[in-house]
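Work through the following exercises with the sequence and the three-dimensional view side by side, and try each task before you read its solution.

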Amino acid sequence: MYDAKIYWLHLSSSRVPGCVTTYAICRSNEPRNGLGGACPTVHYTSWTVLKNKLQHINIPEQIIDEAGQELDKIGYYLLQDIRLSHQQLVDLQFPDVVNVGLAEEGAG
């Protein structure tokens with residue numbers, strides 16, 4: 001796998017109910033600016049860390065392998081038509097989702 005410093009997973013479409021959600025997986029030598037906002041981004045220190053997270057949330061191995069190959073070739077891969085649960089987003093460490101979850105837990 002390419003020896004970049006950072007791999008990142010970016011929520012690139014709206015989380016509005018009924019909309020298709022697309023996640024961009026990219027490699028970079030620098031972190032992407034803007035962790036929060038309308039399109040949150042999570043940084044991972046290596047492909048292995050990100051791959052393990054994707055396996056943990058049950059992304060099919062074929063898709064993970066294809067993502068790894070595309071990262072080697074062109075530096076990014078789009079996970080399209082993926083619908084992740086709130087817990088899966090928390091497991092991937094999306095900051096906005098984690099913060100919302102903590103706020104909900106504290107509200108009760």
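**Exercise 1.** Which residues make a nonpolar surface patch of about 280 Å²?

Solution. Keep in mind from the start that this is a predicted model. The patch is made by I74, Y76 and L78. To place these residues, begin with I74, which belongs to helix α2, a helix of residues 61-74. With a relative accessible area of 47%, I74 is partly exposed, because partly exposed covers the values between 20% and 50%. Then turn to strand β4, residues 76-79, where Y76 and L78 point to one face and are not buried.

**Exercise 2.** Find out how the side chains of strand β4 are arranged, and identify the strand with which β4 pairs.

Solution. Walking along β4, you find that the side chains alternate: Y77 and L79 point to one face and are buried, whereas Y76 and L78 point to the other face and are not. Next, look for the neighbouring strand: β2, which spans residues 23-28, pairs with β4 in the antiparallel sense, over 4 bridges. Finally, take A24 as a starting point, and you will see that its bridge partner in β4 is L78, a residue that also takes part in the nonpolar patch.

**Exercise 3.** Which residues of helix α1 are buried, and why do they line one face of the helix?

Solution. In α1, residues 47-56, the buried residues include W47, L50 and L54. Seen down the helix axis, the buried residues of α1 fall within an arc of 70 degrees, and therefore they line one face of the helix. As a last step, look just beyond the helix, where α1 is followed by N58, a residue with a positive phi near 70 degrees.

**Exercise 4.** How many salt bridges does a search of the whole structure find, and which side chains meet in a salt bridge?

Solution. The search finds 1 salt bridge, in which the side chains of E70 and K73 meet at 3.8 Å, N to O. Because E70 and K73 are 3 residues apart in helix α2, they are separated by about one helical turn. Now compare their surroundings: E70 is partly exposed, at a relative accessible area of 22%, while K73 counts as exposed, at 62% relative accessibility.

**Exercise 5.** In what order do the elements of the chain run from the N terminus on?

Solution. Count the elements before ordering them: the chain has 4 helices and 4 strands. Read from the N terminus on, they run β-β-β-α-α-β-α-α. To complete the picture, note that 36% of the 108 residues count as buried.

Technical notes:
Residues are numbered from 1 along each chain as its sequence is written. This is a predicted model: local features need pLDDT of at least 70, side-chain atom pairs count only at pLDDT 80 or more; totals for chains, interfaces and linings use all residues. Side-chain values use heavy atoms; hydrogens and water are left out. Helices (H or I, at least four residues) and strands (E, at least two) are DSSP runs, numbered from the N terminus. Buried means under 20% relative accessible area, exposed over 50%, partly exposed in between (1.4 Å probe, protein chains only). Two strands pair if DSSP finds at least two bridges between them. Patches are made of residues with over 30% relative accessible area and no salt bridge: like charges are joined within 9 Å, nonpolar side chains (Val, Leu, Ile, Met, Phe, Trp, Tyr) within 5 Å. Accessible areas come from the Shrake-Rupley method with a 1.4 Å probe; for residues, only the protein chains shown count as cover. A salt bridge is a side-chain nitrogen of Lys or Arg within 4 Å of a carboxyl oxygen of Asp or Glu. The arc is that of the directions from the helix axis to the C-beta atoms.
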